[in-house]
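Trainee: I have a model open on my screen. Can we go through what its labels rest on?

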Amino acid sequence: MSGLEKLFGSQRAITILVVSVVFAIVFPAYFSFMATNSDALGGGSSGAKGMWQVDFIQDNITSDETMNLGDGEQGDYFFELDAGDMMIGFVEITVSCNDNDEPGPGATDSVDVATDFSGVEGTPDDESGSGSCNGDAVSFTIQITPDWDGSSYIADGVSKNDIEAQWNDGGNGSGEWLTSVILDVNTPTLGPIPNVLDDSEDVTVSWRAAVYSLEITAVAEDI
Ligand SMILES: [Ca+2]
Ligand SMILES: [Ca+2]
């Protein structure tokens, strides 16, 4: 028996030891080499620059409410938005009404709309507008994730982290979206009796929150 055989018991134990030592040296070097090269080739780690297919898994969270408003009456409409784990792209608000209470044109009711987004995370700028009650009277689109429209694309020369940082609502957009509508009834007056043909209108406020989550896939580049 050699000295080593005395130490480790057998030739087989020495072989196992040698193989183990070789693997301990070779494997870290191998993985280090692969990591370096996958950075260069655009695969693997999230900090690596490369080519990526960017898709958005999309959904809509919708709500609507209808109130019958009298002349000069204000209706407050609320939408409580919670997108859960998904990001909020934008929120569309549509105020619609359809006045057909009197025959012919010229006496169509109208609405004045104003929002209060103080209960919304990130406090988007408030909107206001007016419109006639022959369908969609007023609509607003409030962008939450800048520039997001849900289109897929291929990104090149950026890292996965860069893409995730770009498509992020920053926690904004959740909370209470308040839209207030004041109705203005228009109708011909017949002598001393006002509002004989028309004294009100059904006004609907609809919300659509376009929400998404990211799907980023590495694209194999032509070599
Ligand atoms: Ca009318
Ligand atoms: Ca009416």
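Trainee: What makes residues 35–43 a stretch to flag for pLDDT?

Mentor: pLDDT is the predictor's confidence in each residue, from 0 to 100. Over residues 35–43 it stays under 50. The model has 17 contacts beyond four places in sequence for that stretch, a contact being two C-beta atoms, placed from the backbone, within 7 Å. This is a predicted model, where local features need pLDDT of at least 70, side-chain atom pairs count only at 80 or more, and totals for chains, interfaces and linings use all residues. Residues are numbered from 1 along each chain as written, with chains lettered from A and ligands numbered from 1 in written order.

Trainee: What is the mean pLDDT of the protein?

Mentor: The mean is 87, and 79% of the residues reach 70 or more.

Trainee: Why is the set with V91 and V95 called a nonpolar core?

Mentor: The term covers buried Ala, Val, Leu, Ile, Met, Phe, Trp, Tyr and Cys joined through C-beta atoms within 7 Å. Buried takes 20 or more other C-beta atoms within 10 Å. The largest such core has 30 residues; V91, V95, V111, V181 and V203 are those with the most contacts inside it. Strands 1, 3 and 9 are among those supplying at least two residues each. Beyond four places in sequence, V91 touches partners including I142, W177 and W207.

Trainee: How do you know that strand 4 and strand 8 pair?

Mentor: Strands are DSSP E runs of at least two residues. Pairing needs at least two bridges. Strand 4 and strand 8 have 9, antiparallel, so they pair.

Trainee: What makes strand 2 and strand 5 edges?

Mentor: The open sheet runs 2-8-4-5. Strand 2 and strand 5 each have a single partner strand, so one side of each lacks a neighbour in the sheet.

Note on methods. Buried ≥ 20, exposed ≤ 12 C-beta atoms within 10 Å, placed from the backbone. Helix = DSSP H or I, 4+ residues; strand = E, 2+ residues; numbered from the N terminus.
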